[in-house]
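I opened this entry to keep track of what I looked up, one topic after another.

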Amino acid sequence: MYAHIEGLVAEKSADGLVLDCGGVGYLLSVSRNTLAAAPAVGETMKCYTLLSVREDALELFGFATREEKRMFERLKSVGGVGPRMALLILSALPVRDLSIALVTGDIQALCRVPGIGKKIAQRLVLELRDKVEDEQLTAGTGTAPLAAAPDQPASEAIQALMALGYGAGEAAQAVARVADKAQAVDELVRLALKGMVK
């Protein structure tokens, strides 16, 4: 219903923003990363939005980037993950770190999110691993992650392959195939490159 809303930031709270657009204040539920990306009260912001309709409530969610909105939609499509849990995941892990965790199957990184157990983490990886887009792997909101970065050697190996000219998706998939065979970044890169040549 609403693709995006642009207006003045009227209020900020722990988990929401109010954007004043033509005298109407829109209350948006947002992740901590979107909240951190929001300008000061009184300044203009554009938020990509999604309206969630339930029997007992209408809730408008806001996102600083299109990538975050797309990831939110994918997260809530997974059984057992509702809009609130999807927002919690995006608050704990920026889109890029979450994407890398999904592609590399880093269950531990997902389990660090409060409320996410091993079963839901496994379901997220199983259902979303092949749906992560290149833009989400390279997305950056300019904010620091609020949880430990997922599997740092794997993340660095993906970046190294991208520096060599490989696409983000191709690099992530190559590293995911060899992630359990090495711990060191250089070894992961070597094994990933070897697998790509075949």
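I began with Cys-21, which in this predicted model is partly exposed, with a relative accessible area of 30%. I then turned to Cys-111 and found that it counts as partly exposed too, at 30% relative accessibility. How many disulfides does a search of the whole structure find? I noted zero for the whole structure, and I reminded myself that a disulfide is a covalent bond between the sulfur atoms of two cysteines.

Next I looked up Ser-99, which is found in helix H4, the stretch of residues 95-104. Is Ser-99 buried or exposed? I recorded it as buried because its relative accessibility is 0%, where the cut-off for buried is under 20%. For its side chain, I wrote down that a polar atom lies 2.7 Å from the backbone oxygen of Val-95.

My last topic was helix H6, which covers residues 118-128 and in which I listed Ile-120, Ala-121, Leu-124, Val-125 and Leu-128 as buried. These buried residues are on the same side of H6, because they cover an arc of only 140° around the axis. I added the general background that an α-helix has 3.6 residues a turn, so residues three or four places apart point the same way. On the other side of H6 I found Lys-118, Lys-119 and Leu-126, which are exposed. What do the buried residues of H6 pack against? I noted four partners by name, namely helix H2 (66-76), helix H3 (83-92), H4 and helix H5 (107-111), and H4 is the helix in which I had already placed Ser-99.

Terms used
Residues are numbered from 1 along each chain as its sequence is written. This is a predicted model: local features need pLDDT of at least 70, side-chain atom pairs count only at pLDDT 80 or more; totals for chains, interfaces and linings use all residues. Side-chain values use heavy atoms; hydrogens and water are left out. Helices (H or I, at least four residues) and strands (E, at least two) are DSSP runs, numbered from the N terminus. Buried means under 20% relative accessible area, exposed over 50%, partly exposed in between (1.4 Å probe, protein chains only). A polar contact is a pair of N or O atoms within 3.5 Å; within protein, one must be able to donate a hydrogen and the other to accept it, and residues adjacent in sequence count only if both atoms are side-chain atoms. A disulfide is a pair of cysteine sulfur atoms within 2.5 Å. The arc is that of the directions from the helix axis to the C-beta atoms. Contact means heavy atoms within 4.5 Å.
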